[in-house]
Every structure is written in C-alpha cells, then in structure tokens.
Amino acid sequence: MIEIVDMHCHILPGVDDGAANLTVSKRILQMEYDQGVRRIIFTPHYRERYFETDRKVLIEQYYQVKNLIRKMGLRIHIHLGCECHCHEQMGEHLKTGFCLTMAKGDYVLIEFSSSDNYAKIRGYIYDMVNLGYKPIIAHIERYPCIVENPEQVNELIELGAYIQVNADSVIGLDGRAVKRFCQELMKTDQVHFIGSDTHNDTTRKTNMKKCVSYVERKMGKKYVQKIFFENPMKIINRKKGE
Ligand SMILES: [Fe+2]
C-alpha cells in the first residue's frame with residue numbers, strides 16, 4: 001500500500017476558508033488517514049486583502065494540529081507550507097519569510113486569479129525561477145487561458161514551473177472537460193503533483209483514495225508511486241539553496 005502524501009490542503013483551523021475550527025480539522029485528518037494519507041503539507045492561503053494570516057498564528061495552529069494528531073493516535077507526518085496568491089511583493093515576502101515556502105524548502109505553491117492572462121502567469125514563473133524558487137502552479141486546470149491553449153503548459157514547465165492538479169478534477173468531480181484536460185496532461189507527462197485541495201469534510205472533502213485508484217487504473221502503479229509519493233517527497237527533502 002502506497003503511503004500517500006497530500007501536498008495541497010486547507011486543514012489548519014481558522015486561518016483561511018479551510019477548516020473552520022479544530023473539530024473540522026479533526027474530521028478531515030481522520031478522512032485523510034482512512035484514505036491512506038500518511039504525510040501532509042498544510043498549505044493555508046496567502047492572498048492580499050483576503051487571507052493575510054500572520055505566520056506566528058500559522059505556526060501556532062500547526063503545533064495545535066500536531067498535538068491533535070498525536071492525541072488521535074494517527075501516524076501522519078506533517079509540514080507547513082502556503083498557497084501563495086501571486087502578487088507584486090511575493091519575492092520580497094518569500095525572502096523575509098512573511099510568505100512561507102513549502103516545508104522550509106525552495107518549492108513554492110502558487111495560484112493566480114482566474115482572470116490573469118498567460119503573459120502575466122509566465123511573468124510570475126520567470127520571476128520566481130530567477131529568484132531561485134521552484135514554483136508549483138496549483139490546480140492549473142482552473143485557468144481558462146491555459147486550458148484553451150494546453151501547449152502553454154509545456155512552455156511553463158520549460159521555464160521551470162511544476163504542475164499540480166486537484167484530485168477532484170482528475171476523477172471528474174469538476175466536469176468532463178476538466179477531467180479530460182487532466183488526463184491529457186498525465187498522459188503527456190506534464191503533471192508533477194496531485195493534491196486534495198480539501199477545505200472541509202462536506203463540500204470540499206478529500207478524495208485522495210478514489211483518485212489514487214483511478215490514476216492507477218489509467219496510468220499504472222509506477223506512475224502512482226511517482227505522483228503521490230516520490231515527487232512530493234522531493235518537496236519535503238529539498239532544503240533552500242541545495
Ligand atoms: Fe488550495
């Protein structure tokens with residue numbers, strides 16, 4: 001049985017539009033564990049004017065959840081990251097630690113506004129790479145300008161971007177067109193990570209187990225091992241400047 005790593009989720013309580021409180025965090029964690037997730041990178045939102053949680057609060061909540069996991073008796077390793085909405089000061093914010101990288105390494109999970117055009121997205125990737133970061137584009141299937149021109153994905157990868165898609169999109173919960181887009185990306189080896197992007201235990205719950213079974217049927221065991229374990233472990237084992 002593969003030890004699934006979930007590298008994109010909103011489980012820390014009361015810091016964004018994810019888990020509202022520790023009770024919800026507890027339910028999500030139990031669901032993740034029951035589905036075979038054994039390692040999680042928490043990725044609370046950072047978005048100017050919407051979610052600007054102080055990193056001290058994030059760290060406090062991280063330890064609160066760590067304590068909860070111990071009390072629940074779950075064998076889950078956890079790490080802290082961020083889903084950073086791209087903004088002008090992002091480079092500065094990452095440098096000062098105001099925005100967190102993934103698991104203290106040099107990967108950065110980034111998202112854009114759905115109205116952002118391709119030139120803007122490419123510009124952010126270019127800047128991040130130049131600053132020495134490894135940008136992971138969160139749920140790339142959500143950006144209309146890229147979905148309409150899928151050949152741009154390869155261009156972004158060549159620039160130095162990594163690609164993440166959501167488990168729900170892969171299994172078809174966000175529609176058939178999105179499912180097809182994700183499948184095409186997987187078949188052409190243009191997906192590096194799949195995360196749950198879970199926000200709660202009801203409307204946006206984790207579907208990692210279903211997704212792993214689906215991907216295994218379509219792409220095989222070796223691919224599953226790479227996407228759900230080996231690649232996310234590279235995020236965790238990578239330290240700044242290595
Ligand atoms: Fe997210």
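Helix axes here are lines fitted to C-alpha atoms, for helices over the stretch in contact, and the angle between two of them runs from 0 to 180 degrees between their N-to-C directions. With that in hand, let's walk through this structure, which is a predicted model.

A good place to start is the pair formed by helix H1, residues 22–34, and helix H2, residues 55–72: their axes come within 11 Å and cross at roughly 55°. H1 and H2 are therefore oblique to each other, and their crossing is right-handed. If you want to find the contact on your screen, look for Leu22, Ser25, Lys26 and Leu29 on the H1 side, which meet Gln64, Val65, Leu68, Ile69 and Met72 on the H2 side. Sorted by class, the residues in this contact are six nonpolar, two polar and one charged.

Now step back to the whole chain. Its secondary structure consists of 10 helices and nine strands. The radius of gyration is 17 Å, close to the 18 Å that the globule rule gives for 242 residues, so the chain is as compact as a globular protein of that length. Along the principal axes, the C-alpha atoms fill a box of roughly 45 × 45 × 35 Å. Buried residues make up 41% of the 242 in the chain. Contacts also reach across the sequence: among those between residues at least 6 apart, 75% join residues at least 24 apart.

A second helix pair is worth a visit. Helix H4 (residues 118–130) and helix H6 (residues 151–159) have axes that come within 9 Å and cross at roughly 20°. That angle makes H4 roughly parallel to H6, because angles under 35 degrees count that way. H4 passes H6 in a right-handed crossing. On H4, the residues to pick out are Tyr118, Arg122, Ile125, Tyr126 and Val129, and they meet Gln152, Leu156 and Leu159 of H6. By class, this contact has six nonpolar residues, one polar and one charged.

From the helices, we can turn to a few individual residues in loops. Glutamine 190 lies in the loop between helix H8 (176–187) and strand S9 (193–195). Glutamine 190 has 17 other C-beta atoms within 10 Å, so it is partly exposed. Setting aside neighbours within four places in sequence, the contacts of glutamine 190 are Val153, Asn154, Ile157, Ile163 and Leu185. For a sense of distance, try glutamate 88: it is 102 residues from glutamine 190 along the chain, and the C-alpha atoms of the two are separated by 27 Å.

Two further loop residues deserve a look for their backbone angles. Histidine 139 has a phi near 30°, a positive value in a residue other than glycine. You will find histidine 139 in the loop between strand S7 (134–137) and helix H5 (144–147). Histidine 139 counts as buried because it has 20 C-beta neighbours inside 10 Å, and the cut-off for that class is 20 or more.

Aspartate 197 is not a glycine either, yet its phi is positive, at about 55°. The loop that holds aspartate 197 runs between S9 and helix H9 (208–219). With 25 C-beta neighbours inside 10 Å, aspartate 197 also counts as buried.

Conventions. Residues numbered from 1 in each chain as written. Predicted model: local features only at pLDDT ≥ 70, side-chain atom pairs only at ≥ 80, totals over all residues. Helix = DSSP H or I, 4+ residues; strand = E, 2+ residues; numbered from the N terminus. Parallel < 35°, antiparallel > 145°, perpendicular 65-115°, else oblique. Left-handed = near helix turned anticlockwise from the far one by under 90°. Contact = placed C-beta atoms within 7 Å. Nonpolar A, V, L, I, M, F, W, Y, C, P; charged D, E, K, R; others polar. Rg over C-alpha atoms; globule rule 2.2 N^0.38 Å. Buried ≥ 20, exposed ≤ 12 C-beta atoms within 10 Å, placed from the backbone.
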